[in-house]
Amino acid sequence: MNKKIGVYICHCGTNIAATVDCEALVRFSSTMPGVKIARDYRYLCSDPGQDLIKKDIREHSLDRVVIAACSPRMHETTFRNLLLAEGINPYLLNIANIREQCSWVHHDREKATEKAQNILRAAVARVLGQEALTTRRFGVQPSAMVVGAGIAGIQAALNIASGGMKVILVDQAPFIGGHMAQLDKTFPTLDCSSCIFTPKTVEVARNKQIELFVSSEVKEVTGFVGNFKVRIQKNPTYVNFARCTGCGDCLEACVLKKGVPSEFEEGMARRRAIYIPFPQAVPLKAIVDKESCLLLSKGKCKKTCVEACKAGAIDFDQKEEVIEKEVGSIIIATGYDPFDPRLLPQYGYGVYDNIITSLQFERLSSPSGPNLGEILLKDGTVPKAIAFLHCIGSRDENTNLHCSRICCMASMKQAHLAKEKTGAEIYEFYIDINAFGKGYQEFYKRVREEGIFFIRGKGSEIFKRDGRLIVAAEDTLLGTPVEIPVDLAVLGTGLTARRDAEKVAQTFGISRSADGFFMEAHPKLRPVATQVDGIFLAGCCQGPKDIPDTVAQASAAAAEVMSLLARGEIEVEPTIASIDPELCAGCKLCIEICPHSAIEFLEMKGISAVNEALCKGCGACTAICPNKAARQNHFTQTQVLAEVEGLVT
Amino acid sequence: MKIDPKTFIKDFQLNFCIQCGTCTGGCPVKYRSPLNMRRLVRETHLTDNFSSISKRAELWACTTCSTCSLRCPSGVKNVELIMGIRNFLANKGEVPSTIRDALENTLLQGNPWGRFRDRRADWAKDLGVKIFGEETSETLLYVGCAPSYDPRVQSVSNALVSILQKAEVDFGILGKKESCCGNEIRRMGEQALFKKLAKDNTALFKKSGVKKIITISPHCYNAFKNEYPDLNIPVQHYTQVLADLIESGKLNLSKGLEISATFHDPCFLGKQNKVFDEPRKILASIPGCDFIEMDRSRERSLCCEGGGGRMWAEGGTEGKRNGEIRIREAVAIGAKTLATACPFCLLTFEDAIKISGLADQIVVKDIAELIAESI
Ligand SMILES: Cc1cc2nc3c(=O)[nH]c(=O)nc-3n(C[C@H](O)[C@H](O)[C@H](O)COP(=O)(O)OP(=O)(O)OC[C@H]3O[C@@H](n4cnc5c(N)ncnc54)[C@H](O)[C@@H]3O)c2cc1C
Ligand code: SF4
Ligand code: SF4
Ligand code: SF4
Ligand code: SF4
């Protein structure tokens, strides 16, 4: 049967027409074999533009369409839907990209037009060989897994649960809440972090739709969107949570009296080997740290904790447990690590007392912290002068180039709290004040009004003179070096990707951007999606964020998950590979190269075969198969060669 | 070669600067001269009248300690900028006269002081040291200019020779054929002379069959390790060698010294090349040595002002010298010996001790001298 192709050339306003002679393209198209009709139009994607094509399809019984316009990433779907509506298989469409690949990158009209002709010739040659394909459909498991239970993970889990779907919430820490649980008051409104936060953690524990796994990590993820299989490893806490009442009797009894630095208190207080991270922890259970526990690390202890526990909850025989689950979708919300200021030795962190990180300041200032909220020096006295140093480990080529976004505000919040509590003289050493959020400039103004000194210059180093800490910098607005004596220096340490980010990225098959954080599918238009269908991102694991942005992104990720789960089934592109059993020699090269483990070997027949559900259509097998047995829909040998030939003739 | 200051923007990435002042805030001469690195970067970036900038006396106050460029968050090449401006001046013959003399001396005699080339190895005459060319060895002890000619620093060269001999290390020196490494020459702006020295020295080392280099000065160490383009011979500062010898038991420190000592990190050894632990390990292994750390140590060590051609510059600075501040700091923590491992540090501290009148309270010693005393 003779093929009837319609060719449409878009001006894209002047985006294309200014550089490419569209009318010449129309004339040229009409000369190509198979082309029944060719037209140009100002905006093909507009309604009148589409109507024009529809009318032609009906009047000229077109069966294939070539659109010469912008990148297929922009409007392929638009025009495929058009074909579908007109009863033509959407895979009989081809887009010739004459904008990004031609008009935008050239100036010479004549040469650009010639290049556009080549692109168009290739597109027409290819469309002749294109085949009708049908999309595949799969069912979707009506449940989700959220990895990381900071404010991002909690918000996402609660949203999904309130939509009536099951959520598995996994955190590797023994408690939920992440960093927000450590904060004192929050900028810019100064509401107390635990007051706004505790109701949410309590709700997580109470909600029947949410199954919580703490002290757990995700070991393996297989399957695909709608049908992920996950293996969760529950690490032993050596306390039976079903029995533990959280009374704390064991803590007192533990023989490790001198204790070890408490992680939750950022090393500002000590804990025993068996401990409850903090009094409002959810779940409120004791856990044993196997590193510091004498019995577990040295093999010998009187086990006074076991004696003390009236509930008989302590169980040193507990082993790790692996749980398998099936979920339709996944949200990753693993948060951040604070920058380690030891990497910048000029600031004397770890050398001197009273140089602390901003997170340590949060604990110092928190009513539940080691000083019950009083801001005191190591020796128990009240500081008379305090310095806050911005951009430590951020905006710095030697460490991290990105701006951590929250530390200007966090520093100013802490300056306010410190002023209020100590009356000390306070200095903020900054490069630029990044007060971008709602109410943030207003907060900045307020803090200035409170009499805090802002010195525009980055702290260069800290040393000691006459028993006081000296912060050396330049007041760049005056152009004079300054050395300011203080009693307490708070390093505004930035937010960095978590230490185990690479491992997590590999487990879930997602990528990371140059700054180390997980990469979104599109920085503007798909900020919570990843390149893996069905896996989404929320919170600081994608990049530094304040709490408002974290919560907003978490809700967005939850919405994506719910719309996916609500659909009940998903359509998957039919552009996948298949292996011709007649041609396959069983060499297994394709199995080796397939990045998605989508090819299995049929032992009985001695040949390879593609698992349709797993294949993502990357084409690796097609390229490597020496026998041309592997073939990819929509990218067949004939189609690709026709296109190449079109380009080079 | 003509230098076009317009290329400075690109060469030294001046347009990356975010004007944060980290450079100026940490500069050891910030209170000693009007030099303001942050402002210099911006002025050089924006100026239409470069020669008015290049005339400023304070450009010669910079010690090239590199604190600024090491801490710069934006990748500005601050020290290279200083060297670039000095290079511009050197090409126009506009460097201060004392600097010009040092440069000319190096061209003629192979050392900035203009002492006779032929007398470079006089210090080693009776020490039984192998001389490359006369005898063979694989390890070169590259002596350097100050350790060859300056009587105070010759004592360090002597000490090191006796230590290496005691540890039965097979090594030789180049004798009269040795020439300046060029590290300070480059920093005073004579890039062309530096290139020549690097080329000639490299050829000489290779011809002499040198397989490994030990230096006395961290400045020579820096030049060989980081700035000789085609050397490809492993180089160690002598503190690294001694630390190894002590650890492997080849060097025994038998005599107790009963001293309380502190250590001043030379900028070219510590900050710039991250050799912090070896000198401390050596001091700690001297029997009877009570090691006390100064507050400003390691990456925060306060530059002694001996580098970057400051040994030959006159004026450009005012107020109390860092050397003096350093001596007082050492005295204040109860140290009776200020140890260091750099000829320039040694000389600036000797001066500072005299000026501050603290000679009865503290002495300055090179680590090599202390070790020689304790074997
Ligand atoms: C000093 C300081 C002060 C701040 N003050 C404010 C403020 O006043 N106002 C404000 O809006 N913002 C503030 N912030 C920012 C705030 O901390 C973050 O916006 C917020 O905590 C981000 O939440 P998150 O859930 O994305 O990450 P996180 O809080 O880091 O939570 C991540 C969670 O994931 C878990 N996890 C990590 N890896 C894994 C894994 N592989 N498997 C399972 N679980 C994992 C962690 O245990 C943790 O529970 C401040 C930050 C700092 C450092
Ligand atoms: S076994 Fe010993 S060390 Fe371990 S938690 Fe119990 S009392 Fe503490
Ligand atoms: S938010 Fe402020 S302190 Fe933090 S990195 Fe950005 S500019 Fe620096
Ligand atoms: S430290 Fe770097 S970025 Fe900051 S002012 Fe100096 S040159 Fe500019
Ligand atoms: S190299 Fe040292 S002396 Fe020179 S400008 Fe930089 S910090 Fe100052």
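1. Into which domains is chain B divided? The division gives domain 1 (5-94), domain 2 (98-242) and domain 3 (250-374), with bounds that come from an automatic or database domain assignment. For chain A, the assignment gives domain 1 (5-129), domain 2 (143-235 + 320-335 + 509-565), domain 3 (249-308), domain 4 (337-496) and domain 5 (577-632). The C-alpha centres of domain 1 and domain 4 of chain A lie 59 Å apart.

2. This is a predicted model, in which local features need pLDDT of at least 70 and side-chain atom pairs count only at pLDDT 80 or more, whereas totals for chains, interfaces and linings use all residues. Residues are numbered from 1 along each chain as its sequence is written, chains are lettered from A and ligands numbered from 1 in the order in which they are written, and side-chain values use heavy atoms, with hydrogens and water left out.

3. Ligand 1 is surrounded by 39 residues, of which Asp171(A), His179(A), Lys413(A), Lys545(A) and Ile547(A) come nearest; a residue is counted as near if one of its heavy atoms lies within 4 Å. Domain 2 (143-235 + 320-335 + 509-565) and domain 4 (337-496) of chain A both contribute residues to this shell, so ligand 1 lies between them.

4. Polar contacts to ligand 1 (pairs of N or O atoms within 3.5 Å) include the following. An oxygen atom of the ligand is 2.9 Å from a polar side-chain atom of Tyr336(A), and a nitrogen atom of ligand 1 lies 3.2 Å from an N or O atom in the side chain of Arg498(A). The backbone also takes part: an N or O atom of the Ile547(A) main chain is 2.7 Å from an oxygen atom of ligand 1. Of the 1,000 Å² of accessible area that ligand 1 has on its own, the protein covers 97%; accessible areas come from the Shrake-Rupley method with a 1.4 Å probe.

5. Helix 5 (151-162), strand 8 (185-186), helix 10 (358-365), helix 11 (407-422) and helix 14 (547-567) of chain A each give two or more residues to the shell around ligand 1. These elements are DSSP runs numbered from the N terminus: helices are H or I with at least four residues, and strands are E with at least two. By class, the shell holds 19 nonpolar, 12 polar and 8 charged residues. Here Ala, Val, Leu, Ile, Met, Phe, Trp, Tyr, Cys and Pro count as nonpolar, Asp, Glu, Lys and Arg as charged, and the others, Gly among them, as polar.

6. The residues around ligand 2 include Cys254(A), Cys293(A), Cys301(A) and Cys305(A). Helix 8 (294-298) and helix 9 (304-308) of chain A give two or more residues to this shell, which divides into 10 nonpolar, 1 polar and no charged residues.

7. Between the chains, 23 residues of chain B are in contact with 28 residues of chain A, contact meaning heavy atoms within 4.5 Å. The two chains bury about 2,000 Å² between them, 43% of it on carbon and sulfur atoms. Buried area is the accessible area (1.4 Å probe) that two parts lose on being put together, summed over both. In chain B, Arg71(B), Pro73(B) and Arg300(B) lose the most area to chain A, together 28% of what that side buries.

8. Within chain B, the C-alpha centres of domain 1 and domain 2 lie 30 Å apart. Their contact takes 7 residues from domain 1 and 6 residues from domain 2. About 710 Å² is buried between these domains of chain B, 51% of it on carbon and sulfur atoms. On the domain 1 side, Trp60(B), Met83(B) and Asn87(B) lose the most area to domain 2, together 53% of what that side buries.

9. Two cis peptide bonds merit inspection. One joins Phe187(A) and Pro188(A), with omega about -10 degrees; Pro188(A) is in the loop between strand 8 and strand 9 (191-192) of chain A. Another joins Val282(A) and Pro283(A), with omega about -5 degrees.

Conventions:
Polar contact = N/O pair within 3.5 Å; in protein donor to acceptor, adjacent residues only side chain to side chain.
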